[in-house]
Amino acid sequence: MSSESGSTAMANVMLTDPVPAFDTIYEDAIKTFRDTFDAQPDVAVCAPGRVNLIGEHIDYNDGFVLPMALPMVTIIVGKRNQTKSTANVVTCCDGADDPTTVSFDLNNLTVGTPKWANYIKGVLKCFGKQLPGFDAVILTNVPIGGGLSSSAALEVATLTFIQALTEADNDKNPENTKSLTQKQQALLCQKAEHEFAGMPCGVMDQLISVCGKRDHALLIDCQTLDIFQIPFEMGDDLAVLICNSNVRHELSHSEYPTRRNQCAQALELLRLNSYKDATIKSLDALKGSDEVFTRRARHVITEIQRTREAAEALRKKDFIEMGRLMNESHESLRDDFEVSCAELDILVEAAISCSASVLGSRMTGGGFGGCTVTLLRKSDINNVITHIKTIYSANGTNGRTASFYVVQPGDGTRRIM
Ligand code: GLA
């Protein structure tokens, strides 16, 4: 049994919509490993998904972001096998009920199908060292494709796994012992996502999956990659509620690079080196250019400021101010950055209409589907969920229902066996 049994990891997820418990997937992973490979795994690791509290579409614009790691994680259990360079990986990470197995040659790691394997192969390739053959089982309770960084969790778990698997080699060969810093781990996983999944993401998801800390949000300066742990304890009063629209955020794959390019072009027109140097006054320089650049830049500039203020509000435990900034962030993402969608707007409006108990609500992640994040009073949580559920089902979402997770900030990646 892991050291994270019910009392710790699970206490963090109130199962309003059951995601499988940590212990359940850990035990399942070990059982599947035994059944498939007729052996006992000797390494187990996990890495969390994340929810971003504020600072959206800012990590690739040199500003500040403020995510927290989730108690939902991706778990990898495994062991070296007798082969020189064959990896056999079993997973349900594609969302299927039955596990599928993929085998690949560690000396010839290339992009291919199934898609989920590219995240793993990308990390192994970017790790860059000679790897031993291994068998592994990967299970997760991070909702797939819900904008909660299931892909970063898979990348970071893969890196932690391969580091644990090759640790013994390092003892024998001091050349290898230079371990990666947290920053290097995050950058390696980001590179894997760029090169093997074709997604030009920022580094927020990978960095929080590496550096997350229980009861803390993480302020990241995306220009320097300096990180600041900010205490964020829910106590008896507060809760963070994630509402999953259950709209897959597929559009983000085409719109995301477009937003990145528009931000880069707007920065050139502003004649600045970084958005961190910009103020709202800087937007004057965009007069006469396509209006889309003003809107994109205005989101970036105001969101950086909001995130600075939100970090300050969290430090002072001024949750009313934090909530206000979250609401403003959503409006900016909806109107200026145009990455929300009808379903996310309905979820946010339904939450905000519970004004006695909801402090703030916004879409989170890349957008075009996925989830919202809401800061609210714990005492009224069931009423708020019921209200949002009813409004969401009644408002033209093709019979779609929303899923709800009540979460507290969890730890970053770690070895559990
Ligand atoms: C995705 C990317 C992140 C970040 C968010 C938007 O999750 O992977 O790097 O840009 O979108 O904030």
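Select histidine 299 to begin: beyond its neighbours within four places in sequence, this residue is in contact with Glu56, Ile58, Arg306, Ser332, Leu333, Asp336 and Phe337. The model on display is a predicted one. Histidine 299 belongs to helix α8, and with a relative accessibility of 0% it counts as buried. For a sense of distance, add threonine 279 to the selection: 20 residues separate it from histidine 299 along the chain, and their C-alpha atoms are 11 Å apart.

**Helices α8 and α9**

Next, select residues 291-315 for α8 and residues 319-335 for α9; their axes come within 9 Å and cross at roughly 165°. Since the angle is over 145 degrees, α8 is roughly antiparallel to α9. The crossing of these two helices is left-handed. On the α8 side, the contact is made by Arg295, His299, Thr302, Glu303, Arg306, Glu309, Ala310, Ala313 and Leu314. On the α9 side, the residues to display are Phe319, Glu321, Met322, Arg324, Leu325, Glu328, Ser329, Ser332, Leu333 and Asp335. Coloured by class, this contact shows seven nonpolar, four polar and eight charged residues.

**Along α9 to α10**

Keep α9 selected. Its 17 residues reach 24 Å from the first C-alpha to the last, close to the 24 Å expected at 1.5 Å a residue. Which residues of α9 are buried? They are Phe319, Met322, Gly323, Leu325, Met326, Asn327, Ser329, His330, Ser332 and Leu333.

Now add α10, residues 342-352. The axes of α9 and α10 come within 12 Å and cross at roughly 155°, which makes α9 roughly antiparallel to α10. Here, too, the crossing is left-handed. Asn327, His330 and Arg334 of α9 make the contact with Leu344, Asp345, Val348, Glu349 and Ile352 of α10. By class, these residues comprise three nonpolar, two polar and three charged.

The loop between α9 and α10 contains glutamate 338. Its phi is near 55°, a positive value in a residue other than glycine. Most residues other than glycine have a negative phi. Glutamate 338 is partly exposed, with a relative accessible area of 35%.

**A second positive phi**

Move to the loop between β1 (43-54) and β2 (64-80), and select aspartate 62. Although aspartate 62 is not a glycine, it has a positive phi of about 65°. At a relative accessible area of 23%, aspartate 62 is partly exposed.

**Helices α2 and α3**

Proline 114 is the next stop, in the loop between β4 (100-105) and α2. The peptide bond leading from threonine 113 to proline 114 is cis, with omega near -5°. Most peptide bonds are trans.

From there, select α2 (115-127) and α3 (150-165). The axes of α2 and α3 come within 9 Å and cross at roughly 40°, so α2 is oblique to α3. This crossing is right-handed. To see the contact, display Trp116, Tyr119, Ile120, Val123, Leu124 and Phe127 in α2, which meet Ser151, Leu154, Glu155, Thr158, Leu159, Ile162 and Gln163 in α3. Sorted by class, the contact has nine nonpolar, three polar and one charged residues.

**Helix α5**

With α2 and α3 still shown, select α5, residues 182-197. What span should the 16 residues of α5 have at 1.5 Å a residue? The expected value is 22 Å, and the end C-alpha atoms are 22 Å apart, which agrees. Within α5, Gln185, Ala186, Leu188, Cys189, Gln190, Ala192, Glu193 and Phe196 are buried. An α-helix has 3.6 residues a turn, so residues three or four places apart point the same way. The buried residues of α5 pack against α2, α3 and α6 (204-211). Just after α5, glycine 198 takes a positive phi of about 65°.

**Asparagine 398**

For the last stop, select asparagine 398 in the loop between α11 (381-394) and β11 (403-407). Is asparagine 398 buried or exposed? Its relative accessible area is 73%, so it counts as exposed. To finish, add alanine 278: it lies 120 residues from asparagine 398 in sequence and 42 Å away in space, C-alpha to C-alpha.

Conventions: Residues numbered from 1 in each chain as written. Predicted model: local features only at pLDDT ≥ 70, side-chain atom pairs only at ≥ 80, totals over all residues. Heavy atoms only, no water. Axes fitted to C-alpha atoms, helices over the stretch in contact; angles between N-to-C directions. Helix = DSSP H or I, 4+ residues; strand = E, 2+ residues; numbered from the N terminus. Parallel < 35°, antiparallel > 145°, perpendicular 65-115°, else oblique. Left-handed = near helix turned anticlockwise from the far one by under 90°. Contact = heavy atoms within 4.5 Å. Nonpolar A, V, L, I, M, F, W, Y, C, P; charged D, E, K, R; others polar. Expected span 1.5 Å × (residues − 1). Buried < 20%, exposed > 50% of the residue type's maximum accessible area, 1.4 Å probe, protein only.
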